[in-house]
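Okay, thanks for coming, everyone. Let me put the structure up so we can walk through it together.

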Amino acid sequence: MKTMFKLGAILFSVCFVCSAFAKGPIVGKWKTIDDETKEAKSIVEIFEKDGKYYGKIIELFLKADADQNPTCDKCDKDDPRKDQPTLGMEIIKDLKPNGDSYSWGKILDPKKGKEYNCKITREGDTLKMKGSFLFISRTQTWHLVK
């Protein structure tokens, strides 16, 4: 009886851990794809710190005629990222695991200077990145950089 109880506890623990990561963790480097133009925009590195998840831009894909050192000139004047370079900027903050997704955080669109509520769901080698404000939302698909 004792052995069956131990075996059941171990099996439950393994199943719980596997289900928690069934969709996979989001830590890593991700190529962002613009949902409007369908072109690659950047690479964002997502990392964990103190149980929350953050993301910063580590590479930009800019056209030859574009500003090669863009800044967040449209960010709110009270935002410390105002007029700071986009490259190296932390654009995702305070995400927490929430079932099979990560939510309750914020994401910044540095081009528009707007911050949105953020929810990320991993599907294999892609992330579904949903940014929303009230009843309006946009979803982008990001791809794992291997």
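Find Tyr53 for me: across from Tyr53, in strand 4, the bridge partner is Leu95. That contact belongs to the pairing of strand 3, residues 52-60, with strand 4, which is antiparallel and runs over three bridges. Oh, and keep in mind as we go that this is a predicted model.

Now stay on strand 4 and look at its other partner. Strand 4 covers residues 90-98, strand 5 covers 101-109, and these two also pair in the antiparallel sense, over five bridges. Where do they meet at the turn end? Well, Asn98 stands opposite Ser101 in strand 5. The hairpin there has two residues between the strands, and one of the residues in this hairpin, Gly99, takes a positive phi near 70°.

Okay, zooming out. How many strands close into the barrel, and in what order? Eight of them, going 1-2-3-4-5-6-7-8, with antiparallel pairing. As you step from one strand to the next, the twist averages 30°. So the pairs we just looked at, 3 with 4 and 4 with 5, are neighbours in that barrel order.

Last stop, the surface. Go to the loop between strand 7, 126-133, and strand 8, 136-144, and you'll find Leu134. Is Leu134 buried or exposed? Exposed, because its relative accessible area is 70%, and the cut-off for exposed is over 50%. Leu134 has company, too: together with Phe133 and Phe135 it forms a nonpolar patch on the surface, and the three add up to about 460 Å² of accessible area.

That's it from me. Questions?

Terms used. Residues numbered from 1 in each chain as written. Predicted model: local features only at pLDDT ≥ 70, side-chain atom pairs only at ≥ 80, totals over all residues. Heavy atoms only, no water. Pairing = 2+ DSSP bridges. Axes fitted to C-alpha atoms, helices over the stretch in contact; angles between N-to-C directions. Patch = residues over 30% accessible without salt bridge, like charges linked within 9 Å, V, L, I, M, F, W, Y side chains within 5 Å. Areas by Shrake-Rupley, 256 points an atom, 1.4 Å probe, with all protein chains shown as cover. Salt bridge = Lys/Arg side-chain N within 4 Å of Asp/Glu carboxyl O. Buried < 20%, exposed > 50% of the residue type's maximum accessible area, 1.4 Å probe, protein only.
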